[in-house]
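Reader: Hi! I'm still new to reading structures, so could you take me through one part of this one slowly?

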Amino acid sequence: MRAEERWFKQAQRDLHNAKKIFEIGLYDVCLFLCQQSVEKALKALYVKARKEPPPRVHSLERIIRLLELGEEFRELTLDLEDYYFTMRYPDVTAFRSKSVV
């Protein structure tokens, strides 16, 4: 199995697990897994496009910029990234001007 396939398979697994976790009402864990799924799918694209290991970062915004996917795609991930960092680092408030609901 190629590297990008391994990244994408794990992205799919995280998304599957997020759906299961959602069903039992663990919404914070669900959001965490959704972010992980998107991050791993982006890293799969990175590996496929660049033919090199992905960057060791968790920022969706940074990976999107490296992939040159454009502003519209970045806008779609802003809230998810804010939730992720707020949950991962509880002493951090939302990074963007949007309020976290």
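Reader: Let's zoom in on Arg 74: does Arg 74 count as buried or exposed, and at what relative accessibility?

Author: Sure, and keep in mind that this is a predicted model. Arg 74 comes out at 11% relative accessibility. The cut-off for buried is under 20%, so Arg 74 counts as buried.

Now look at who Arg 74 pairs up with. Side chains of opposite charge can pair when their charged atoms come close. Here the side chain of Arg 74 meets that of Glu 71 in a salt bridge, at 2.5 Å from N to O. Both residues sit in helix H4, which covers residues 71–88, and they are three residues apart, about one turn of the helix. Glu 71 is partly exposed, with a relative accessible area of 40%. The pair also belongs to a wider group: salt bridges that share partners link Glu 61, Arg 65, Glu 71, Arg 74 and Glu 75 into one network.

The structure holds eight salt bridges, so let's peek at another one of them. In helix H2, Glu 39 and Lys 43 are four residues apart, again about one turn of the helix. Their side chains form a salt bridge too, at 2.9 Å from N to O, and both Glu 39 and Lys 43 are buried.

For a contrast with Arg 74, try Ile 24, in the loop between helix H1 and helix H2. Ile 24 counts as exposed, at 60% relative accessibility. Ile 24 and Arg 74 are 50 residues apart in sequence, and their C-alpha atoms are 30 Å apart in space.

Conventions:
Residues numbered from 1 in each chain as written. Predicted model: local features only at pLDDT ≥ 70, side-chain atom pairs only at ≥ 80, totals over all residues. Heavy atoms only, no water. Helix = DSSP H or I, 4+ residues; strand = E, 2+ residues; numbered from the N terminus. Buried < 20%, exposed > 50% of the residue type's maximum accessible area, 1.4 Å probe, protein only. Salt bridge = Lys/Arg side-chain N within 4 Å of Asp/Glu carboxyl O.
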